[in-house]
Amino acid sequence: MNMAGAELIGKEEIKEVMDVLETGILMRYGFDKERKGVYKVRQFEEDFAKYCGVGYALGVTSGSSALKVALEALDVGRGDDVLVPAFTFLATYEAVLEVGAIPIMVDIDDTLNLDPDEIEKKKTPHTKAVIPVHMCGLAANIDRIVEVARKNNLLVLEDNAQGCGASFKGKKLGGFGDMGTFSFDYVKTVTTGEGGMVITNNRDLYLRSEWYSDHGHDHNPNVGRALEGRTILGFNYRMNELQGALGLAQLRKLDYLISEQKKNKKVIMDALAAIPGVGFRAKQDPGGDSATFLAFNFPEEQIALKFQKLLAAEGVDTTCYKNNLWHYIPNWEHFLAFSTANSKKHPFTDPLYKGKVEYLRETIPHAEDILGRTLVMGISVKMSSERLDVIRKAIEKAAKNI
Ligand SMILES: *Cc1c(COP(=O)(O)O)cnc(C)c1O
């Protein structure tokens, strides 16, 4: 299992966390006298916004809550539906349901991400937004997606949980749409244990997110927390200072992390490229890849699965996402049965929603084809030359037997 940011936890993270523990103030807001100038979440947000080249960043408790906060800020809710790619982690769909809207499953293209041509094909009169997900560290055709969405008056929320630090034609992912979200969970590229970020260039959307994530508090710097004003109701998705501290140290390591992963990925890619018939995931901007994963494909599903078995026998694991239980909607039996936590199957049964949705494999032929023929290998930051040799030899051996 590749661990990305978690592999690099060291004295820098310890120092940042100790700064917080020495003040004893774990809350990101308030306690201005007691905290002795330590504002880790605030600083992490500022650094993160700068890194992404956007105006605003808001730290939250997870990538899942980041999606929910953003959808609330965008005013996506009951009666609306949202276009979501068939290949993504469950959280993207759950977030749409959390705000009372209905996710519509759309197909992917050769980037393995949302196909821009699907937007006009699959949108309904109730569609309010589209959520492109930059899966496995590589950009969707995001410039086209934004263009088609704008033309159709749809909001764009980028789920960039898996593409932290990745870019498209020189611009960091997450900053193309109206809003973008990130996850810092334990396996993500930057980790704070659990955590997430919402980014945007729109001040109103930022403020609505900020208020919503903290019970409506307007964070007026001139009064104490108890006297702060509020305009909307919210909930609690606040990031805490320990998470902010970890994030600060991790963010400083991000470019190094990506460059190491790129080197490791290249060694493995070169070995695979020597095999006749092997292809790679389409990229419009290869340099923008965060290199957390390597996706390669075969002409046929049967060959891919055989190759996967042969690699596994040598101790090299890959994922075929068509068979994966958590990242491919046709495999979510509980979702397909509308088994919501509430007994009313809300929002699938919401009378305010006037559309009708179905989640059928036949409607995503490209995902069915390409994901079945594709194997995905996790790339770690630290891969010894011995480990890379094991992988290279496993690839050469498997290639002789398919
Ligand atoms: C990890 C992930 C999330 C959810 O992030 P958490 O921090 O684990 O809640 C959302 N979307 C995608 C694509 C992810 O990979």
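Helix 9 and helix 13 are roughly parallel to each other in this predicted model. Their axes come within 9 Å and cross at roughly 20°, an angle that falls under the 35 degrees set for roughly parallel pairs. Helix 13 also packs with helix 10, at an angle of about 135°. Elsewhere, the structure holds 30 salt bridges. A cis peptide bond runs from H346 to P347, and both K169 and A291 have a positive phi.

**Helix 9 with helix 13**

- Helix 9 covers residues 254–273, and helix 13 covers residues 385–401.
- Helix 9 passes helix 13 in a right-handed crossing.
- On the helix 9 side, the contact is made by N264, V267, I268, A271 and L272.
- On the helix 13 side, L388, I391, R392 and I395 make the contact.
- By class, this contact has seven nonpolar residues, one polar and one charged.
- The charged residue is R392 of helix 13, and the polar one is N264 of helix 9.

**Helix 10 with helix 13**

- The axes of helix 10 and helix 13 are 9 Å apart, and the angle is about 135°.
- What is the orientation of helix 10 and helix 13 to each other? They are oblique.
- The angle of about 135° does not reach the cut-off for roughly antiparallel, which is over 145 degrees.
- Helix 10 passes helix 13 in a right-handed crossing.
- K306, F307, L310 and L311 come from helix 10. They meet A394, I395, A398, A399 and N401 in helix 13.
- Seven nonpolar, one polar and one charged residues make up the contact of helix 10 with helix 13.
- K306 of helix 10 is the charged residue, and N401 of helix 13 is the polar one.
- I395 of helix 13 takes part in the contact with helix 9 and also in the contact with helix 10.

**Salt bridges**

- Side chains of opposite charge can pair when their charged atoms come close.
- E45 and R28 meet in a salt bridge through their side chains, at 2.5 Å from N to O.
- E45 lies in helix 2 (residues 40–52), while R28 lies in the loop between helix 1 (11–23) and helix 2, so the pair ties together parts that are 17 residues apart in sequence.
- Both E45 and R28 are buried.
- K322 forms a salt bridge with E301, and the closest N and O atoms are 3.1 Å apart.
- K322 sits in the loop between helix 10 (301–313) and helix 11 (333–336), and E301 sits in helix 10, so this pair ties together parts that are 21 residues apart in sequence.
- K322 counts as buried because its relative accessibility is 15%, under the cut-off of 20%.
- E301 counts as partly exposed, at 26% relative accessibility.
- R361 forms a salt bridge with E368, with the closest N and O atoms 2.9 Å apart.
- R361 is partly exposed, with a relative accessible area of 32%. E368 is buried, at 17%.
- Which residues are joined into one network by salt bridges that share partners? They are K15, E16, D19, K40 and R252.

**Backbone features**

- The peptide bond from H346 to P347 is cis, with omega near 5°.
- P347 is found in the loop between helix 11 and helix 12 (365–373).
- K169 is a residue other than glycine with a positive phi, near 50°.
- K169 is found in the loop between strand 6 (167–168) and strand 7 (171–172).
- Is K169 buried or exposed? K169 counts as exposed, at 53% relative accessibility.
- A291, also a residue other than glycine, has a positive phi near 60°.
- A291 lies in the loop between strand 10 (279–280) and strand 11 (293–297).
- A291 counts as buried, at 1% relative accessibility.

**A282 and its surroundings**

- A282 is placed in the loop between strand 10 and strand 11.
- A282 is partly exposed, with a relative accessible area of 30%.
- Leaving aside residues up to four places away in sequence, A282 touches D110, T111 and L138.
- A282 and I370 are 88 residues apart in sequence, and their C-alpha atoms are 11 Å apart in space.

Conventions
Residues are numbered from 1 along each chain as its sequence is written. This is a predicted model: local features need pLDDT of at least 70, side-chain atom pairs count only at pLDDT 80 or more; totals for chains, interfaces and linings use all residues. Side-chain values use heavy atoms; hydrogens and water are left out. A salt bridge is a side-chain nitrogen of Lys or Arg within 4 Å of a carboxyl oxygen of Asp or Glu. Helices (H or I, at least four residues) and strands (E, at least two) are DSSP runs, numbered from the N terminus. Buried means under 20% relative accessible area, exposed over 50%, partly exposed in between (1.4 Å probe, protein chains only). Axes are lines fitted to C-alpha atoms, for helices over the stretch in contact, and angles run from 0 to 180 degrees between N-to-C directions. Angles under 35 degrees count as roughly parallel, over 145 as roughly antiparallel, 65 to 115 as roughly perpendicular and the rest as oblique. A crossing is left-handed if the near helix is turned anticlockwise from the far one by less than a right angle, and right-handed if clockwise. Contact means heavy atoms within 4.5 Å.
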